[in-house]
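Here is a short set of exercises to work through with the model open in your viewer. Try each task before reading the solution beneath it.

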Amino acid sequence: MSQIGVESAFEVLVRARELERKGKHVIHLEIGEPDFPTPAHIVEAAKRALDEGYTHYGPTQGLPELRESVARYVSITRDIRVGPQHVAIVPGGKPIIFFPMLALIESGDEVIYPNPGFPIYESMIRFSGGVPVPIPLIEDRGFSFDLDLLRKRLSSKTKLMVLNSPQNPTGGVIPPEDIRAIADLVRDRDLMVLSDEIYSRIYYGEPPVSIANLPGMLEKTIILDGFSKTYAMTGWRMGYGVMPEWLVDAVNKLMVNSNSCTATFTQRAGIAAIDGPQQPVNAMVAEFRRRRDAFCAGLNQVPGIRCALPGGAFYAFANITGTGIGSKELADRMLYEGGVSCLNGGAFGKFGEGYIRFSYANSYENLMLAVERIKTVAASGLAVGTG
Ligand code: PLP
């Protein structure tokens, strides 16, 4: 247990709520979940499923009809050919980090992963007995990997490589040419790629490319995706992995030992989500784009802060080194002095130091108010810094 980590977003949320209980007004830009309701037709499908008696155990791997829908959807969106036998339905996207890592990593195996990155990667690598090999993401490269360093870090011990695009916490999208270069580096190696595509539908430019689409990569790739972000269903706890059948077998064993199955009425709602109208998703992404443009423009006017325009997800990862304040201290002061709850980039790994993650999954008005508060807090730092 000493090896396992936590996720700071949940801790900061607790602190922010504590302040609110004491009467402070807090703008929540810490937690990574869409602030939109789950679309009504999905909620209706769940209610209908309950009335129809979907209240019992289901197959460990997931309802066949949902696995069919997921296989069809993933085949179309990634331009690959997969079937329901490749799909494992699990309670959230996270189990597709947890289970494949437990299944694949032996003590001493090296695992490459992005830093800054979703904290659960490093936590689970350590918990599984693996050796974490962080690859820094480079701000000037749109927060893509340093490919030369990636080449150097690959070794005969590398068992798994984690990719995440669009990315948490930076909002970066790995460009197609980088995906191709990464595939060329790993194609002939005895390793698997965990491609975390949980933000696959939330992008503002060219659609992200899945490494599974490249020649020879499908049999080496585990695609992680789910319902949490795309359909604003974070609390429903439903996600899926698409992977070779031999690994589906391992995930099934871990599932039957831990969860038995994913709740069946939520899976029926999952079918409605994938096969039903997509207009709510498009509307949500359009609104995220509007907020992204205004919020990043606002941040870039704050002396000492610069923020690259993110290509996907709903995070702005602002470089705050010009304020003269450390990112942990600044994030704390934003919360306690400014009433803006945000995350220290260092909580996503050492290469996140000097950055702050803001989730713009909050109203346009709140985001504009947050910019004003951020200005005030940042200015106090500059004043101290310039003596
Ligand atoms: N992967 C990334 C990069 C995430 O940011 C998250 C959630 O924040 C997840 C996976 C987990 O998603 P879920 O809530 O479906 O478990």
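**Exercise 1.** Find the residues that lie nearest the centre of the second largest pocket, and describe its lining by class.

*Solution.* Work on the predicted model in three steps.

- Start with the residues: 14 of them line the second largest pocket, and Thr77, Arg78, Ser200, Pro207 and Pro208 lie nearest its centre.
- Next, sort the lining by class, which gives five nonpolar, five polar and four charged residues.
- Finally, add the volume: the second largest pocket holds about 260 Å³ of space.

**Exercise 2.** Work out where the largest pocket lies with respect to the domains.

*Solution.* Begin with the division of the chain, then turn to the pocket.

- The chain splits into domain 1, made of 8-31 + 279-380, and domain 2, made of 56-275.
- The largest pocket has about 410 Å³ of space.
- Its lining comprises 23 residues, with Glu7, Gly32, Lys94, Phe118 and Lys229 nearest the centre.
- In the lining of the largest pocket, ten residues are nonpolar, six are polar and seven are charged.
- Domain 1 and domain 2 both contribute residues to this lining, so the largest pocket lies between them.

**Exercise 3.** Describe the interface between domain 1 and domain 2: how many residues does each give to the contact, how much area is buried, and how many salt bridges are counted?

*Solution.* Go from the whole domains down to the side chains.

- Taken over C-alpha atoms, the centres of domain 1 and domain 2 are 26 Å apart.
- Domain 1 gives 25 residues to the contact, and domain 2 gives 24 residues.
- Interface size is often expressed as the accessible area lost when the parts come together.
- For domain 1 and domain 2 the buried area is about 2,200 Å², and carbon and sulfur atoms give 62% of that area.
- The count of salt bridges between domain 1 and domain 2 is one.
- A salt bridge to look at in your viewer joins the side chains of glutamate 139 and arginine 306, with 3.1 Å from N to O.

**Exercise 4.** Now look for enclosed space: how many cavities of 30 Å³ or more are there, and which residues line the largest cavity?

*Solution.* A probe the size of a water molecule, rolled over the atoms, shows where empty space is left.

- The count is four cavities of 30 Å³ or more.
- The largest cavity has about 60 Å³ of space.
- Its lining consists of Pro114, Leu137, Gly142, Phe143, Ser144, Phe145, Leu163, Asn164, Gln167, Gly172, Val173 and Ile174.
- Strand E5 (144-145) and strand E6 (158-164) are the elements that give two or more residues to this lining.
- By class, seven residues lining the largest cavity are nonpolar, five are polar and none is charged.

**Exercise 5.** Inspect the backbone: which residues does each cis peptide bond join, and where does alanine 232, with its positive phi, lie?

*Solution.* As a reminder, most peptide bonds are trans, and most residues other than glycine have a negative phi.

- Asparagine 115 and proline 116 are joined by a cis peptide bond with omega about 5°. Proline 116 sits in the loop between strand E3 (110-115) and helix H5 (119-127).
- From serine 165 to proline 166 the peptide bond is also cis, and omega is near -10°. Proline 166 belongs to the loop between E6 and helix H7 (176-186).
- Alanine 232 is not a glycine, yet its phi is positive, at about 50°. The loop between strand E8 (221-226) and strand E9 (239-242) holds alanine 232.

Notes:
Residues numbered from 1 in each chain as written. Predicted model: local features only at pLDDT ≥ 70, side-chain atom pairs only at ≥ 80, totals over all residues. Heavy atoms only, no water. 1 Å grid on protein atoms, 1.4 Å probe; cavity = no way out; pocket = protein on both sides within 12 Å on 5 of 7 lines; lining within 4 Å. Points joined across faces, edges and corners; volume = space filled by probe spheres on them. Helix = DSSP H or I, 4+ residues; strand = E, 2+ residues; numbered from the N terminus. Nonpolar A, V, L, I, M, F, W, Y, C, P; charged D, E, K, R; others polar. Domains from an automatic or database assignment. Contact = heavy atoms within 4.5 Å. Buried area = accessible area lost by both parts, 1.4 Å probe. Salt bridge = Lys/Arg side-chain N within 4 Å of Asp/Glu carboxyl O.
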